[in-house]
2 protein chains.
Amino acid sequence: MKQKMGLAKTEIFSDQQNEIASFAKVFGHPARVAILQHLFKLNTCVCGDLVSEIGLAQPTISQHLKELKLLGLIKGSVEGTSVCYCINTEKWHEMKEILNQFLNQDISKQGDCC
Amino acid sequence: MKQKMGLAKTEIFSDQQNEIASFAKVFGHPARVAILQHLFKLNTCVCGDLVSEIGLAQPTISQHLKELKLLGLIKGSVEGTSVCYCINTEKWHEMKEILNQFLNQDISKQGDCC
DNA sequence: TTTGTATATCGCAATATTACGATTAATATT
DNA sequence: AATATTAATCGTAATATTGCGATATACAAA
């Protein structure tokens with residue numbers, strides 16, 4: 001076996017490129033988009049209802065929440081038997097900054113040559 | 001077998017949520033981020049050098065280009081024996097609009113309750 | 001202390017993604 | 001025509017992701 005296949009070769013890219021990809025990846029699934037939109041809508045961060053709101057099983061939602069928490073985009077705190085999740089606003093801004101810088105590259109120079 | 005496993009249940013999400021996820025997914029790999037940045041930098045869209053510029057094999061780059069082309073973010077045209085790729089500016093703006101709407105959700109109401 | 005409720009984790013099945021060698025296709029050069 | 005160059009496609013190997021049933025854990029209520 002010469003090569004670790006199926007694995008992204010992150011080491012050949014810059015930290016910036018890998019960071020953009022990490023943030024983008026977490027939005028790359030509609031369930032996580034839906035979770036974040038729901039957390040934005042309910043500014044009070046009641047959360048167990050994510051399962052009934054979105055039509056996925058509880059372990060599946062829990063796994064998506066874990067990925068969002070791992071990147072720091074959401075925070076969770078135990079509230080009795082249930083867990084209260086909400087957006088981590090500082091991290092959200094940090095992420096927005098990084099993605100905007102990429103999305104808003106100067107496109108005016110592009111000659112549209114094709 | 002009760003369920004198509006390993007497959008995202010896109011049918012339970014809105015078109016908007018799926019669209020956001022599709023665009024984000026394409027940035028979810030550093031190679032595609034690098035390709036787009038390179039296309040932005042060289043406003044003349046000479047392209048065969050993407051392979052030497054980024055350290056991945058030619059079939060791998062070709063596959064990533066295909067995904068970007070499938071979403072419409074880049075265009076390609078044959079130029080002799082080589083192929084010239086460039087950013088599709090209209091589609092880029094369309095994508096930016098959709099992602100910005102998601103990223104710029106009103107965060108001011110968030111109570112940061114956790 | 002038993003029972004219920006809510007969430008996380010484990011384990012598994014199935015599809016998706018990443019990467020590349022080998023080959024093909026299409027044009028350029030000799 | 002024969003050869004070289006460039007990029008796409010095929011086939012395959014290996015890891016990643018998605019989803020969920022079963023189970024574990026942690027706290028609340030009876």
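Let's start at the DNA. By class, the surface near strand C has 13 nonpolar, 15 polar and 3 charged residues. Keep in mind that this is a predicted model.

Who sits there? Around DNA strand C there are 31 residues, and five of them come nearest. From chain A, those are Gly48(A), Pro59(A) and Ser82(A). From chain B, they are Gly6(B) and Pro59(B). So much for single residues; now the elements. Three of them give two or more residues to this surface. Chain A offers helix H4, 58-71, and strand S2, 82-87. Chain B offers its own helix H4, 58-70. Which element gives the largest share of the surface near DNA strand C? That is H4(A), with 6 residues.

Next, the protein-protein contact. Chain A puts in 43 residues, and chain B puts in 43 residues. Look at the chain A side. Helices H1 (15-26), H2 (30-41) and H5 (89-103) each supply at least two residues there. Strands S1 (74-79) and S2 of chain A do so as well. H1(A) has the largest share of the side that touches chain B, with 6 residues. The class count for that side of chain A is 23 nonpolar, 14 polar and 6 charged. Note S2 of chain A: it is listed for the surface near DNA strand C, and it is listed for the side that touches chain B.

Now the fold of chain A. What does its secondary structure come to? There are 5 helices and 2 strands. Along the sequence, the pattern reads α-α-α-α-β-β-α.

Stay with the two strands. S1(A) and S2(A) pair antiparallel, over 6 bridges. One register point to find on screen: Ser77(A) has Cys84(A) in S2(A) as its bridge partner. The two strands make a hairpin, with 2 residues between them. In that turn, Gly80(A) has a positive phi of about 75 degrees.

Last, overall shape. How does chain A stand against a compact globule of 114 residues? Such a globule would have a radius of gyration near 13 Å, but chain A has 18 Å. The C-alpha trace of chain A spans about 55 × 45 × 25 Å along its principal axes. Of its 114 residues, 30% count as buried. And for contacts in chain A between residues at least 6 apart in sequence, 49% join residues at least 24 apart.

How values were computed: Residues are numbered from 1 along each chain as its sequence is written. Chains are lettered from A and ligands numbered from 1 in the order in which they are written. This is a predicted model: local features need pLDDT of at least 70, side-chain atom pairs count only at pLDDT 80 or more; totals for chains, interfaces and linings use all residues. A residue is near a molecule or strand if its C-beta atom, placed from the backbone, lies within 6 Å of it. Helices (H or I, at least four residues) and strands (E, at least two) are DSSP runs, numbered from the N terminus. Ala, Val, Leu, Ile, Met, Phe, Trp, Tyr, Cys and Pro count as nonpolar, Asp, Glu, Lys and Arg as charged, and the others, Gly among them, as polar. Two residues are in contact if their C-beta atoms, placed from the backbone, lie within 7 Å. Two strands pair if DSSP finds at least two bridges between them. The radius of gyration is taken over C-alpha atoms; the globule rule is 2.2 Å times the number of residues to the power 0.38. A residue is buried if 20 or more other C-beta atoms lie within 10 Å of its own, exposed if 12 or fewer, and partly exposed in between; C-beta atoms are placed from the backbone.
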